[in-house]
Amino acid sequence: MDTEAVIFDLDGVLLHTDRFHYLAWKQLSDEKGIYFDEEINQRLRGVSREQSLEIILERYGGPALTPEEKKQMTDKKNEIYRSFLGQMTPADVADDVRTTLLALRKADFRLAVGSSSKNTRFILDKTDLAGYFDAVSDGTMIRRTKPDPEVFLLAAELLAIRPEKCLVVEDAAAGIEAGKRAGMKTAAFGDAAKLRIADHDLNRFSDLLPIVGNYTGVNL
Ligand code: BG6
Ligand code: MG
């Protein structure tokens with residue numbers, strides 16, 4: 001079969017945690033007097049916490065920051081972010097997402113998460129999503145974050161499926177690039193779908209079913 005596995009990004013694809021990332025960075029930037037807006041936020045999608053801070057600091061005009069000061073800033077952002085995550089429940093998963101994951105599982109596709117986030121396990125547990133996936137590849141297991149393909153290649157390895165038989169679902173330009181560099185097919189969701197850079201653009205999460213169906217001849 002042409003496609004045997006689907007690898008999902010987490011933040012902004014399976015859940016709206018991308019909003020919490022934005023709100024946490026916004027609070028930190030406001031406290032430090034650094035300009036930050038939704039447009040700059042687009043560049044933070046898919047990249048690590050540390051790289052996100054470097055992008056935000058492009059607008060910082062103060063004295064050079066030490067590595068310790070930067071660490072304090074990323075720790076503070078994560079503390080704010082985790083306070084949002086702490087309020088999440090299984091009800092935060094859209095019905096569309098659950099039914100689509102179930103349909104794919106029922107048709108015997110292998111499913112994985114491929115996320116740059118070190119909070120992945122915590123989020124999957126809070127929202128009761130972990131059980132849908134055969135493998136999780138996340139920010140605690142890799143050395144280079146998206147657009148590097150490492151996180152997706154690791155997911156494929158954990159699934160024991162060749163990269164060319166995987167389809168990546170992403171909301172970040174960096175994530176689509178990572179999927180392509182991994183030699184996988186790509187589907188863009190949310191903001192990335194407007195960029196027209198992926199093999200497929202999804203309006204709704206469940207649009208994934210006919211796409212996978214077309215690749216495999218399975219009626220989903
Ligand atoms: C990605 C987000 O999923 O995870 C990025 O799109 C974020 O915005 C990255 O920086 C790392 O997340 P965390 O939870 O480890 O700070
Ligand atoms: Mg994302």
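**Exercise 1. Determine which backbone and side-chain atoms make polar contacts with ligand 1.**

Step 1. A backbone N or O atom of Lys118 lies 2.7 Å from an oxygen atom of ligand 1, a polar contact being a pair of N or O atoms within 3.5 Å. The model is predicted: local features need pLDDT of at least 70, side-chain atom pairs count only at pLDDT 80 or more, and totals for chains, interfaces and linings use all residues. Residues are numbered from 1 along each chain, ligands are numbered from 1 in the order in which they are written, and side-chain values use heavy atoms without hydrogens or water.

Step 2. For Leu44, a backbone N or O atom is 2.9 Å from an oxygen atom of ligand 1.

Step 3. The side chain of Asn119 places an N or O atom 2.7 Å from an oxygen atom of ligand 1. Of the 390 Å² of accessible area (Shrake-Rupley, 1.4 Å probe) that ligand 1 has on its own, the protein covers 96%.

**Exercise 2. Identify the protein donors of the magnesium ion (ligand 2) and locate Asp11 and Asp171 in the chain.**

Step 1. Asp9 (OD), Asp11 (O) and Asp171 (OD) are the protein donors, 2.0 to 2.1 Å from the ion; donors are N, O and S atoms within 2.8 Å of the metal (3.2 Å for Na, K and Ca).

Step 2. Asp11 sits in the loop between strand E1 (5-8) and helix H1 (17-32), and Asp171 in the loop between E4 and H8, 160 residues apart. Helices (H or I, at least four residues) and strands (E, at least two) are DSSP runs.

Step 3. Asp171 counts as buried because its relative accessibility is 4%; buried means under 20% relative accessible area (1.4 Å probe, protein chains only).

Technical notes
Buried < 20%, exposed > 50% of the residue type's maximum accessible area, 1.4 Å probe, protein only. Polar contact = N/O pair within 3.5 Å; in protein donor to acceptor, adjacent residues only side chain to side chain.
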